[in-house]
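Here's a quick walk through one protein model, for reading alongside the sequence and the 3D view. Have both open as you go.

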Amino acid sequence: MSSSGVVEGAIQRGKLLVHVAENGHSFELNCDEYTLVESVQRYIESLSGIQINDQLLLYLDMKLEPQQPLSAYKLPSDDKEVFLYNKSRMRTNSSPPPLSETEPPQRFNPDPPLPSSSNDPHPLDEASDPALKALPSYERQFKHHHQLGDAICQRTLVKYEMCERLSHEQRVQEKGLEIARGNLNHIYKMILHNYSDFVKRYLHQQRSHSTILVNFWRDLERLRSVKLLPALQSSNRTCLSDFVKEDTLRKMVEDCSNSHRQFESKVEDFKEEFKDLIESTEHLFSSEASINNKVFERTIKEHKQYINDQKSIMQALSKDVSMVKKLVDDCLTSQPSNSLRPHDAVSALGPMYEVHEKDHLPKMQACEAAISNLLTFCKDKKSEMITFVHGYMQKIAYIQYTIRDVRYKFSVFNEAINRQNEQFEHLKVVRGIAPAYRACLAEIVRRKASMKLYMGLAGQLAEKLASKRESEVRKREEFIKFHSLYIPQDILSLMGLYDTPSVCDVNVAPFDNNLLDLDIPDLDRFAPDNESEDISELGEIVGTNKMEVENAKLKSELASVISRLSFSPLEFDCIDEGRMDILLKEGAEKTNEALRLKDEYVKQLESVLKDKQMQCESYEKRLTELEQRLSDKELQGHNGQLTEPMDDGSYVDKSIKILDDNMSDSSGIVNPNPNLDSSMCEPNRDVNEMVPDVGMRLVTSSTVDNMLQLSKTCDDDVDHGKTSGDDVAELQNILGEKSNQLTDLEAKLEAAKAEVGKLERDLLISRNLLDESQMNCVRLENCLREAREEAQTHLCAANNRASDYNRLRGSALKIRTLFERLKSSVSSADVSSFADSLQSLAQSLTNSANDNGDDGTTTEFRECVHILAKRVGILVRHRAELIDRYTKAEAAQQQLTKELDQSKELVNTLYIKHQTEKQANKEKISYGRLELHEIAAFVLNASGYYTAINRNCSHYYLSPESAALYADDVLHGLVYIVGQVVHIERQTVKPSSVVQAECKSESSHSGLVSGPTEGNPYGLAAGCEFFVVTVAMLPDTAVHPPPGTAS
């Protein structure tokens, strides 16, 4: 399996694991990355018997091609598996693979024969003491029991291993089914995707073609109803229907309709076929094996207890055999044990014998029977699994064949869809004439608007350049005017500073002079579109200002949109289903976004309106309060002094003025920008509302105080006798001073109130800071307590880890010491004494444990060494046996090779002899009824014709053509002719009259004559049959002249 011609060090070698899916067998191949897949297939053919042409190798979802190396699939690798499928088993009506027959374990481990004293004599058989005489018999029986138990145990172990192998093969079959199912699922998804694409394309085409066929005559009538513009009409063209030939279109409509119906029926049949394929595939995916491999493996593991029971019984039997052998040996050496005499030993061996016969051996046989039943159960389940896998793979192969057929049909149907599209292209012209005509008229309008827009932009550019020139001229004049006071004009002229910018003349040559005189309203008049709404007329462009240019731009865009919308139905017909879904989705998203923005704008307007309503309500409430206060003041004024109403009137006027100012301020804040938040306007309103309240309270209180003081002063003056007018003026001055003092006091009171409010706010802030500080202190105390608890926990954990580390370190030192002893013991011993070295190490460990005490680690290590010593001993014995078997097998192989060479020589000899006899039989001359390709001999008769030599059949004559062929070689007569028969013509001798009539009739035909021209050339009787034979010359045929001519 290795590749030649490659450097050995550069080859990556590995093991390739190949599983056979039909029966679960596995093969492990040693190969390298350069090994061809074909070489692997040939080797698998030699192992499994599956032909190379029937092998299908799968790795994951990849098929291994014979001409590729394994490196193309990143093989070989120890963790990668390849599955082999037998294509011959996957064919319909193929037989399932047979269940591999296994030889019964009884053939290799039969029960030992019964012991006999004659076959196995013992010195103690002739002892005079009956107890001593019974000891050899017990020894033979115990040995027989041990041998019988060992045979039963070996058979049971072989059966259990066969059960595990069958379970493993079932797991391999399940995994092979998963790989095949995954491969089929991959192909199935691809074909489903292709089918969905095909259905979308077909439905789109079917809907489009049906629409064309249904609306064809309506579209044709519309073309008849639309007249051409007078400038476009001619003698043979007056309407749009004159662009096409109606007779040709009628025939094409019939052909397209028939083709459309036929293709629709074929597609429906194909859909039914694909539906059956989907149902069969889904049913196959849903079907599973009735065997639960997990339950199967659990059952096998539960039966492992029977093996353990047999091993424990074998240990007891071995111990009993050792004890009875020791007793016999002691009796032979005349050194009986002090604690057990022969009679006591014999009396103790009897119950042990009964335990063997009645308990141990029956129990081992019962265990063997249970494992045998398990093996039968496993074989039945394996047979069911093979049958299920065989049927499942046949279904997969059938579905894959159907999918391949459907895939071929996809290409056929797609080609048919393309042909349908080509066939309907001529009918689409009828639908496209009216939109194209309307689009051409809209293009005329667009070009006219575009020309006017172009002209308008040129006029704007000229105006802009003229304004720039005027600005530049003005700057130059100011510059000259200022600097000519200091610099002479001739110097400035020599500097070239008196030049002025030239006038820019924007001139656009006229274009599109041949366009028809049309406007947007003319589109619906000359090319009506029933599917579109009427478009309102835009104003005519008469100037070059900004508004007129914008109107021209809008008019051009409108005409372009009309031109594009004229072909929108045809464009939608050309768009496939997927593109249509995307366009509809984008339109839905844009619509939803527009609706969302509309809702947000409505909510914003509602919030602004609500704020306005709240402001109006607050103003109305404030006006009501002011009116109430004003009415209250008026009532008090009627009952008070003369000066009080005057103060109230001044207060009311002042309050109304303040209110008006407040309202005007609030409206000035809200109206300029209605989108401002109401919270930005409320503080100003609250401040303005607060001012009238404070003013009212202060004015009211000052008025009351002044009135009290004035009344008191007036009472004193009345008592002293009515002072003069000077006192009144003095009182008015005093009243003004008091008013000023009152105003100062009010200002100080307001300042004090503001200071008190500030102190309250500071106090509140300080209180909040204090509360927050207290909360932080409590939080810090909790964190400190948690940190202490966590530190205590970490300390305890660190102490525990330290103790664990010390304990583990001591165990590690002990284990290191034990491994050093094991290493020294193993390295010093060779292969033959390896088991003894391990056994001595185990005994040494046991003695040291008894002397120094023992712990769990040493005990486990000692037990492991004991088990290792036993296993190594078994392997050494197996190695010796294998070497012996190999030597015998090599000798047998050499003997078989010699016998094979002798057989080959004998076969070659017999084959050469057979070929010689076969060639000789072919060259024999036939003397009976002649057949084609046989060799015949002809002799010359007295009539001059060559007659065949035969026994029973006569009247075989050589044709004249063949005789002439031989006469070309020799100019004289021939005695006999030998040749190979190439043609035989059967004829019958007819009467002479019939022969003449036939000759006359046949002469009128084309020269085809069935026989000789003469009726009876060989002189035979009428009605006699004869045969004319044509022969070919043999390569070694010689012409023999008659004896007389030789001289």
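Let's start with Pro76, which sits in the loop between β4 and β5. The peptide bond leading into Pro76 from Leu75 is cis, with omega near 0 degrees. Helix and strand names here are DSSP runs (H or I and at least four residues for helices, E and at least two for strands), numbered from the N terminus.

A word on the source: this is a predicted model, where local features need pLDDT of at least 70 and side-chain atom pairs count only at pLDDT 80 or more, while totals for chains, interfaces and linings use all residues. Residues are numbered from 1 along each chain as its sequence is written, and side-chain values use heavy atoms, with hydrogens and water left out.

Now the sheet. It is open and mixed, built from five strands in the order β2-β1-β5-β3-β4. The edges belong to β2 (26-32) and β4 (62-63); each has a single partner strand, so one side of each has no neighbour in the sheet. Two strands count as paired if DSSP finds at least two bridges between them.

Strand β1 (residues 13-20) runs antiparallel to β2, joined by seven bridges. Along that pairing, Arg13 is opposite Asp32, and Lys15 has Asn30 as its bridge partner. The two strands make a hairpin with five residues between them, and Gly24 in the turn has a positive phi of about 85 degrees. With β5 (residues 81-86), β1 pairs in the parallel sense over four bridges; there, Val20 stands opposite Leu84.

Two residues other than glycine also have a positive phi. For the accessibility column, buried means under 20% relative accessible area, exposed over 50%, and partly exposed in between (1.4 Å probe, protein chains only).

| Residue | Phi | Loop | Relative accessibility |
|---|---|---|---|
| Asn93 | near 65 degrees | between β5 and α2 (130-214) | 77%, exposed |
| Asp512 | near 50 degrees | between α8 (489-495) and α9 (520-526) | 32%, partly exposed |

Finally, the surface charges. Lys464, Lys468, Arg474 and Lys475 gather in a positive patch; patch members have over 30% relative accessible area and no salt bridge, and like charges are joined within 9 Å. A salt bridge here is a side-chain nitrogen of Lys or Arg within 4 Å of a carboxyl oxygen of Asp or Glu. Lys464 belongs to helix α7 (residues 342-483) and is exposed at 52%.

A negative patch gathers Glu268, Asp269, Glu272, Asp276 and Glu279. Asp269 lies in helix α4 (residues 246-286) and is exposed, at 55%.

Methods. Patches are made of residues with over 30% relative accessible area and no salt bridge: like charges are joined within 9 Å, nonpolar side chains (Val, Leu, Ile, Met, Phe, Trp, Tyr) within 5 Å. Accessible areas come from the Shrake-Rupley method with a 1.4 Å probe; for residues, only the protein chains shown count as cover. Lys and Arg count as positive and Asp and Glu as negative; His and the chain ends are not counted. The place of a charge is taken as NZ of Lys, CZ of Arg, CG of Asp or CD of Glu.
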